[in-house]
Amino acid sequence: MIGTIRKLSSLLSLLELTDSGLFCPPAGIFIDPWRPVERAVITHAHSDHSRWGMKHYLAHHHSAEVMKLRLGQEISLETVDYGQSLDFNGVKISLHPAGHIPGSSQIRLEYKGQVTVVSGDYKVENDGLSTPFEPVKCHEFVSECTFGLPIYKWETQAEIFNQVNSWWRKKRCRRAKFGSFCLFLRQSPTDSPKSGSKRGGGFCPWCCLEYQSGFACKWN
Ligand SMILES: [Zn+2]
């Protein structure tokens, strides 16, 4: 995917690919940088997009708790709502729902009539938990969505959740310990803190955090 971005970078007027990641020179911001920089706009709280060491972070409100849990309570983090526009040296920056996890965002950059949208991971099917994906009109779209490549064919969420539930029920019956499905950053479909069931001796901290933040999915 980065190779694709590298090829695209020569065509994009608002972005450059640097050793630290995607950079918007007029705004002076990086998007999901992989090395410490002055100012980072973060698409979402997963560890391959939200990394340690940035001087200032900007992200959606719903990314805040997980980012602080992972990167430290003391990080300099400004949060915004979807659609709220900020001005960085004449570049309008706003975040729009990506539907991947709570807080996941597409980053819209507008400068002198040119609109570029950069997305991290995104999902177009509504999962009942994240704010659903919204298409954003733009001149250029950059996708860094790991499993968004056409080679991946996904079953429906209902089918996948049924498989997960049947798997963990079998494991629970055998008194086996197993790891949490942390990629979801939430409880699995029928395993909520309310239900009293536990995994591997304790709840996944990410799932508890999401649950305590008021995210309860429709699969409970
Ligand atoms: Zn992700």
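Reader: In β8, what is the bridge partner of Phe-88?

Author: That's Val-91. A quick heads-up: this is a predicted model, where local features need pLDDT of at least 70, side-chain atom pairs count only at pLDDT 80 or more, and totals for chains, interfaces and linings use all residues. Residues are numbered from 1 along each chain as its sequence is written, and side-chain values use heavy atoms, with hydrogens and water left out.

Reader: How do you know that β7 and β8 pair?

Author: Two strands pair if DSSP finds at least two bridges between them. β7 and β8 (residues 91–97) have 4 bridges, in the antiparallel sense, so they count as paired.

Reader: What makes the zinc ion's partners donors?

Author: Donors are N, O and S atoms within 2.8 Å of the metal (3.2 Å for Na, K and Ca), and water is not among the atoms, so sites may look incomplete. Here His-44 (NE2), His-46 (ND1), His-100 (NE2) and Asp-121 (OD) sit at 2.1 to 2.3 Å, so they qualify.

Reader: Why is the site of the zinc ion called irregular?

Author: Four donors are tetrahedral if all angles lie between 85 and 135 degrees; four are square planar and six octahedral if opposite donors are over 155 degrees apart and all others between 65 and 115; anything else is irregular. The angles among the 4 donor atoms here run from 87 to 165°, and the site comes out irregular.

Reader: Why do His-46 and Asp-121 count as buried?

Author: Buried means under 20% relative accessible area, exposed over 50%, partly exposed in between (1.4 Å probe, protein chains only). His-46 has 8%, so it's buried, and Asp-121, at 7%, is buried too.

Conventions
Helices (H or I, at least four residues) and strands (E, at least two) are DSSP runs, numbered from the N terminus.
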